[in-house]
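Open the model in a viewer and keep a selection box at hand. The stops below are meant to be taken in order.

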Amino acid sequence: MRRLRTRLAGALLAALALTTATACQGTSAAADKAPERAADRVEPLSPAPAPKLPVTVDSADGKRLTVSRAERIVPLSGSLSEIVFTLGLGERVVARDVTATFEQAKELPLVTRGHDVSAEGVLSLRPDLVIAETTSGPEEAMAQIRAAGVPVLVVGPAQDLDDVGIRIGAVAEALGVPDAGERLTERSERRIAAVRKDVPRSGDRPRVAFLYLRGSASVYLIGGTGSGATSLIEAAGGIDAGAASGLTKDFTAITSEALVKAAPDAILVMSKGLDSVGGVDGLVRIPGIAQTPAGMDRRIVSVEDGVLLNYGPRTDQVLASVVEQLYADGAA
């Protein structure tokens with residue numbers, strides 16, 4: 001289950017092809033929402049900040065860390081890569097994790113195999129700083145990187161919307177650009193608030209079940225408390241059906257009984273997971289799905305794998321996509 005949480009909350013598998021924004025530093029209502037652009041890109045702050053180093057910061061693994069240089073940075077998740085690039089320091093990133101596939105990062109060399117870090121791959125790029133998730137591993141690889149004298153900053157996990165500013169701030173402080181971190185946090189939170197203003201408030205709140213699907217491996221799970229999706233569902237005006245039905249584990253194997261109890265009006269899935277079961281037609285053939293209100297109405301909210309649960313600079317776009325699909329055609 002720990003490995004599954006790594007795959008879900010630690011950035012999952014690929015990039016979210018949502019619209020992003022052009023430069024926006026104002027505080028007007030028009031600036032609250034990022035203008036649309038077709039490419040899967042992040043929007044760096046402009047002008048790019050100049051790091052002021054050295055700094056000593058707290059790492060989420062309980063250590064105090066001194067960062068003296070940040071010319072060659074290796075973020076070990078797509079979420080952390082997004083933060084570094086969006087802070088305006090993308091030119092300093094020399095490698096990527098498999099989950100960092102947005103346009104500015106996709107040509108960088110990979111330093112992960114599946115979701116496992118290659119210590120040799122990281123060290124071959126002579127990094128000044130490695131930025132890791134609490135789930136980055138295996139532990140032997142992380143220990144090898146530290147033993148080589150490379151500072152490793154561990155950032156606390158992304159669990160909900162409140163973590164957006166916390167994670168941005170942690171990365172920005174370690175890179176010696178705290179003011180840029182404050183700017184990016186303010187921009188991100190402002191845009192999230194702007195999306196939330198447009199969430200329909202009339203009628204009953206839709207019950208939304210978050211399903212993790214990997215048809216090729218016959219893995220069919222429903223999210224409960226701690227899946228990481230609750231905050232996103234609630235921000236979209238919904239109720240996390242799995243958590244509300246009493247599922248206390250992060251993820252529980254799907255059963256007809258669990259689905260009947262959850263009674264979702266809509267189902268939230270990742271696009272690759274939906275594809276892996278044969279699309280909506282295949283999804284409703286999973287035992288119990290067709291008997292739910294969501295299955296009967298074929299009401300599926302699908303978001304590309306990558307930043308669904310990142311809770312970072314593009315969370316406003318994720319939320320906007322969920323809201324748009326959830327309330328399509330006046331549903332809910």
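What follows is a walk through a predicted model, one selection at a time.

**Whole chain**

Start with a cartoon of everything. The protein chain has 14 helices and 13 strands. Of its 332 residues, 56% are buried. Among contacts with a separation of 6 or more, 66% are between residues 24 or more positions apart.

**The β1-β2 hairpin**

Select residues 55-58 for β1 and residues 64-67 for β2. The two strands run antiparallel and are joined by 4 bridges. Asp58 stands opposite Arg64 in β2. Between the strands of this hairpin there are 5 residues, and Gly62 has a positive phi near 90 degrees.

Now show the side chains of β2. Which of its residues are on the covered face, and which on the uncovered one? Leu65 and Val67 form the covered face, while Arg64 and Thr66 form the uncovered one.

**The parallel sheet**

Next, select β3, β6 and β7. These 3 strands form an open sheet in the order β3-β6-β7, with parallel pairing. The edges are β3 (73-75) and β7 (152-155), each of which pairs on one side only. From one strand to the next, the twist averages 20 degrees.

Zoom in on β6, residues 129-133, which pairs with β7 over 4 bridges in the parallel sense. Val130 has Val152 of β7 as its bridge partner, and Ile131 stands opposite Leu153 in β7.

Keep β7 selected and turn the view to look at its two faces. Val152 and Val154 lie on one side, Leu153 and Val155 on the other, and all of these are buried, so that both faces are covered.

**Helices on the sheet**

Add helix α5, residues 139-147, which lies across β6 and β7 and runs at about 140 degrees to β7. Then add helix α6, residues 163-174, which packs on the sheet and touches β6 and β7. The direction of α6 makes about 165 degrees with that of β7.

**Helix α3**

Select residues 78-89, helix α3. How many of the residues of α3 are buried? The count is 12 of 12, and it includes polar residues such as Ser79, Ser81, Glu82 and Thr86. The buried residues of α3 pack against β3, β6, β7, α6 and α7.

**The nonpolar cores**

Show side chains for Leu87, Ile131, Val171 and Leu175. Within the largest nonpolar core, which has 62 residues, these four touch the most other members. Helix α3 supplies the largest share of this core, 6 residues.

Centre the view on Val171. Leaving aside residues up to four places away in sequence, Val171 touches Leu80, Ile83, Val84, Leu87, Ile131 and Val155. Apart from this core lies another, of 19 residues, among them Ile222, Ala241, Val284 and Ile286.

**An aromatic pair**

The whole structure contains 2 aromatic pairs. For one of them, select Phe85 and Phe102. Their ring centres are 5.2 Å apart and their planes are at 85 degrees, so the pair is edge-to-face. Phe85 is in helix α3 and Phe102 is in the loop between α3 and β4 (112-113), so a link between parts of the chain 17 residues apart is made here.

Are these two rings' residues buried or exposed? Phe85 has a relative accessible area of 7% and is buried. Phe102, at 1% relative accessibility, also counts as buried.

**Helices α7 and α14**

Select residues 178-197 for α7 and residues 315-326 for α14. Their axes are 8 Å apart and the helices pack at an angle of about 10 degrees, which makes α7 roughly parallel to α14. To see the contact, show Arg191, Ile192, Val195 and Arg196 in α7, which meet Thr315, Asp316, Leu319 and Ala320 in α14.

**Last stop: Glu304**

Finish by selecting Glu304, in the loop between β13 (300-303) and α14. With a relative accessible area of 31%, Glu304 is partly exposed; the band for that term runs between 20% and 50%. Add Val318, which is 14 residues from Glu304 along the chain, and draw a distance between the two C-alpha atoms: the separation is 9.3 Å.

Note on methods
Residues are numbered from 1 along each chain as its sequence is written. This is a predicted model: local features need pLDDT of at least 70, side-chain atom pairs count only at pLDDT 80 or more; totals for chains, interfaces and linings use all residues. Side-chain values use heavy atoms; hydrogens and water are left out. Two strands pair if DSSP finds at least two bridges between them. Axes are lines fitted to C-alpha atoms, for helices over the stretch in contact, and angles run from 0 to 180 degrees between N-to-C directions. Contact means heavy atoms within 4.5 Å. A nonpolar core is a set of buried Ala, Val, Leu, Ile, Met, Phe, Trp, Tyr and Cys residues joined through side-chain atoms within 4.5 Å. Buried means under 20% relative accessible area, exposed over 50%, partly exposed in between (1.4 Å probe, protein chains only). Rings of Phe, Tyr and Trp (its six-membered ring) pair if their centres lie within 6.5 Å; planes under 30 degrees apart count as stacked, over 60 as edge-to-face and the rest as tilted. Angles under 35 degrees count as roughly parallel, over 145 as roughly antiparallel, 65 to 115 as roughly perpendicular and the rest as oblique.
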